[in-house]
Number of protein chains: 2
Amino acid sequence: MSTIAEVAKRAGASTGTVSNVIRGTVRVSPALRARVESAIRDLDFHPNEIARSLKVNQTYMLGMVLPDVTNPFFPLIMRGAEDRALERGFLLVTANTDEQIERERRIVSALRSRRVDGILLTHTGGKDVDHIRRTIESGIPIVCLDRAPVGMKIDAVMLDNVRGAQDCVRHLIRSGYLTIAIITGPLQLGVARERLRGYEEGLREAGIEVCKDLILEGDFRENSGYRLAKDLLLQFARPSAILVSNGVMTLGVLQAFEELGVRCPEDVALATFDDLAGDRAFHPRLTAVSQPGYEIGARGATLLMDRIEGKVTKKPSVVRVAPTLIVRDSTRAQLSPERTPLIRNSDSYQKKALPSS
Amino acid sequence: MSTIAEVAKRAGASTGTVSNVIRGTVRVSPALRARVESAIRDLDFHPNEIARSLKVNQTYMLGMVLPDVTNPFFPLIMRGAEDRALERGFLLVTANTDEQIERERRIVSALRSRRVDGILLTHTGGKDVDHIRRTIESGIPIVCLDRAPVGMKIDAVMLDNVRGAQDCVRHLIRSGYLTIAIITGPLQLGVARERLRGYEEGLREAGIEVCKDLILEGDFRENSGYRLAKDLLLQFARPSAILVSNGVMTLGVLQAFEELGVRCPEDVALATFDDLAGDRAFHPRLTAVSQPGYEIGARGATLLMDRIEGKVTKKPSVVRVAPTLIVRDSTRAQLSPERTPLIRNSDSYQKKALPSS
DNA sequence: TATTTTTATGTCAACGATTGCAGAAGTAGC
DNA sequence: GCTACTTCTGCAATCGTTGACATAAAAATA
């Protein structure tokens, strides 16, 4: 691996001049510049960014900390962030936390040691945010994506979750579904609470009482969707529609539908956050609150780099991006409101009947 | 951001001793070690890996170059690689090429400048592999994943594509499907050619002639699946089964089925490489040649780090991992071999009839 | 032509860690 | 008291760049 000194020797110039040619900051005569450039090509010289980083105290690397890239929502965020980053000469160092706060802490610490210029973080819940605070204090800005730690002034780009859930509930009600259940995410997560709030407000504004038997707390993982959907569908009184708080849980819910022979939307309608499969492949096609993942990543990265470069100096703020409700077959049973089955299919089974709503 | 010198001062020790405590290479008396450790905690000191990298000429970073994380096959590879990397103290720098060789070249160059210790590369086709050769010559090992550049001695971890396609074709034939079409990937890619070869060998060993009208070259993208499936289904003579060379194209194929009202597997059976959705959600459930993405990533990373640490010094070699054929509903029409419709549904339309096979 | 101004290039001390070495200080054995 | 260890300090050199400053050469001005 050649160095600037070797290039300088071969071009008959000084190291300073070579540096000037590379950086393009100081003008160099065309003749010398040409000699230097050809020496660079001949030697296949790649300037050592490590040395440069040490000197100028900037690495042009961004940390990207996600729960799990295997969840199809996150690759979108990654791409959005990466595209913006590459445009501005930054590279992404990525790592997955698997929703474990301890792993998150270790990763953030490793990124600090590597002196990344900033971190895009999808925080794993919990009130343990000391590592975040300290990282920011140490001079490494953090922008949270999709989720933000509660009770902390920090930059974040998030979905307008309340609105997403509320829009969806409105749509369900307008379509004649009045007994609507929700499978939430883990309620220590802000996102999960916001979606629940949107659901509640959607019901309230229609004058429907919120019934806590219809609120089931999941953990955003497939298995909890499966389990809770089974619980729900085996109840004496089935809801007429279910809103699921993320796409991965919905996969579990569909599995439960299948196993119990529940038809969707004829028996129970289904709406979900996240538009995993888009317009295809799922059967039935799912009504979804679509999150603009790419945009979240892109805006987060832009904000972060603007902070790094001092282009943004205002106080931390939360940017909300708008969800899109995509109505598809899973909420399109041909029901007139009158026929809406409040209590249908009294299959025997556990649990008490619902209070009429 | 504090330095080793500040820690030393606060602990009443020398910088060398602090370094020894951090590295753990030289023994330090318990009392001093404790003082140093508490100084580190007090100052929230994170040793500057950049400076260390410069000195020891190793960064503990691995480049991970993929076509597109948004294709659900790649996150699995990423996770496999990352899990192994983190265990051994390496971090991943990831970037997407979007299948553009120029972008791949720029990214590899940026990674070289950053002095990553090695690169995991899913190469975008084309014979332009000079950047790869030169990077390896410069001392940065590369392990190719899933695809390898043709005609080059290089480490690679890949699926046994021939076998995957062949197994699948065998299964189709045994199930009574004798007119089998294939939608291939771009044939300048080795993977695509291998899958095609497996298909051909599967037919040949059953004594079925390979018919080139049944071989359609796609580009591994959704749209080409859609387009080619439409072509195929509008032919005078439909095949009884289609083998699709990757999962993303299959999404397009399903779309085409839907639009044309073609039932699967009753009208045409479908088998695909990649098991995107697993056992759920798709309708019908798809017979798939499943690639162990996680394992490919994990083994690639292990091999790469072994090279970096000099634990492996043998000549470059290609590791083949075994595919798994998962048989599901999309190839389970209740056909007896006799009834197998070779030419069915003579819908008028373009193209000439197939030679009987 | 002499002098000033402008421009192009060379020189060298940092950046923060590692590593090796010379030597100081303390402990232990004889 | 002498020798042999052990543990630590202090110092210097090093990794490859950068960028302020010095200097030389060229151009402009008097």
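**Exercise 1. The surface near DNA strand C**

Task: Determine which helix gives the largest share of the surface near DNA strand C, and describe the polar contacts made there.

Solution.

Step 1. In this predicted model, local features need pLDDT of at least 70, side-chain atom pairs count only at pLDDT 80 or more, and totals for chains, interfaces and linings use all residues; side-chain values use heavy atoms, with hydrogens and water left out. Residues are numbered from 1 along each chain as its sequence is written, while chains are lettered from A and ligands numbered from 1 in the order in which they are written.

Step 2. Helix 4 of chain B provides the largest share of the surface near DNA strand C, namely four residues. A residue is near a strand if one of its heavy atoms lies within 4 Å of it. Helices (H or I, at least four residues) and strands (E, at least two) are DSSP runs, numbered from the N terminus.

Step 3. There are 24 residues around DNA strand C, and the nearest are A:Ser14, A:Thr17, B:Ile4, B:Ser19 and B:Arg23. Of the atoms of DNA strand C that come within 4 Å of the protein, 73% belong to sugar and phosphate.

Step 4. A polar contact is a pair of N or O atoms within 3.5 Å; within protein, one must be able to donate a hydrogen and the other to accept it, and residues adjacent in sequence count only if both atoms are side-chain atoms. The side chain of B:Ser19 has an N or O atom 2.5 Å from a phosphate oxygen of DNA strand C. For the side chain of A:Arg27, the distance to a phosphate oxygen of this strand is 2.8 Å. A polar backbone atom of B:Ala51, in turn, lies 3.3 Å from a base nitrogen of DNA strand C.

Step 5. By class, the surface near DNA strand C holds 10 nonpolar, nine polar and five charged residues. Here Ala, Val, Leu, Ile, Met, Phe, Trp, Tyr, Cys and Pro count as nonpolar, Asp, Glu, Lys and Arg as charged, and the others, Gly among them, as polar.

**Exercise 2. The surface near DNA strand D**

Task: State how many residues surround DNA strand D, and identify the atoms that meet its phosphate oxygens.

Solution.

Step 1. DNA strand D is surrounded by 22 residues, of which A:Ile4, A:Ser19, A:Arg23, B:Thr17 and B:Ser29 are the closest. Sugar and phosphate make up 80% of the atoms of this strand that come within 4 Å of the protein.

Step 2. From a phosphate oxygen of DNA strand D, a polar side-chain atom of A:Ser19 is 2.6 Å away. The side chain of A:Arg52 places an N or O atom 2.8 Å from a phosphate oxygen, and a polar backbone atom of B:Gly12 is found 3.3 Å from a phosphate oxygen.

Step 3. Two or more residues each are given to this surface by helix 2 (15–23) and helix 4 (49–56) of chain A, and by helix 4 (49–56) of chain B. The largest share, four residues, belongs to helix 4 of chain A.

**Exercise 3. Backbone geometry**

Task: Locate the cis peptide bond in chain A, and decide whether A:Asp274 is buried or exposed.

Solution.

Step 1. Most residues other than glycine have a negative phi, and most peptide bonds are trans.

Step 2. The cis peptide bond joins A:Cys264 and A:Pro265, with omega about 5 degrees. A:Pro265 belongs to the loop between helix 11 (247–260) and strand 9 (269–273) of chain A. In chain B, the peptide bond from B:Cys264 to B:Pro265 is cis, and omega is near 5 degrees.

Step 3. A:Asp274 has a positive phi, near 80 degrees, and sits in the loop between strand 9 and strand 10 (287–290) of chain A. Its relative accessible area is 8%, so A:Asp274 is buried. Buried means under 20% relative accessible area, exposed over 50%, and partly exposed in between (1.4 Å probe, protein chains only).

Step 4. B:Asn57 also has a positive phi, near 60 degrees. This residue, B:Asn57, lies in the loop between helix 4 and strand 1 (61–66) of chain B. B:Asn57 counts as exposed because its relative accessibility is 65%.

**Exercise 4. The contact between the chains**

Task: Describe how many residues each chain gives to the contact, and what area is buried.

Solution.

Step 1. Chain A gives 56 residues to the contact and chain B gives 55 residues, where contact means heavy atoms within 4.5 Å.

Step 2. The two chains, A and B, bury about 5000 Å² between them, with 54% of it on carbon and sulfur atoms. Buried area is the accessible area (1.4 Å probe) that two parts lose on being put together, summed over both.

Step 3. Of the area that chain A buries against chain B, 15% is supplied by A:Ile50, A:Arg114 and A:Arg115, more than by any other three residues.
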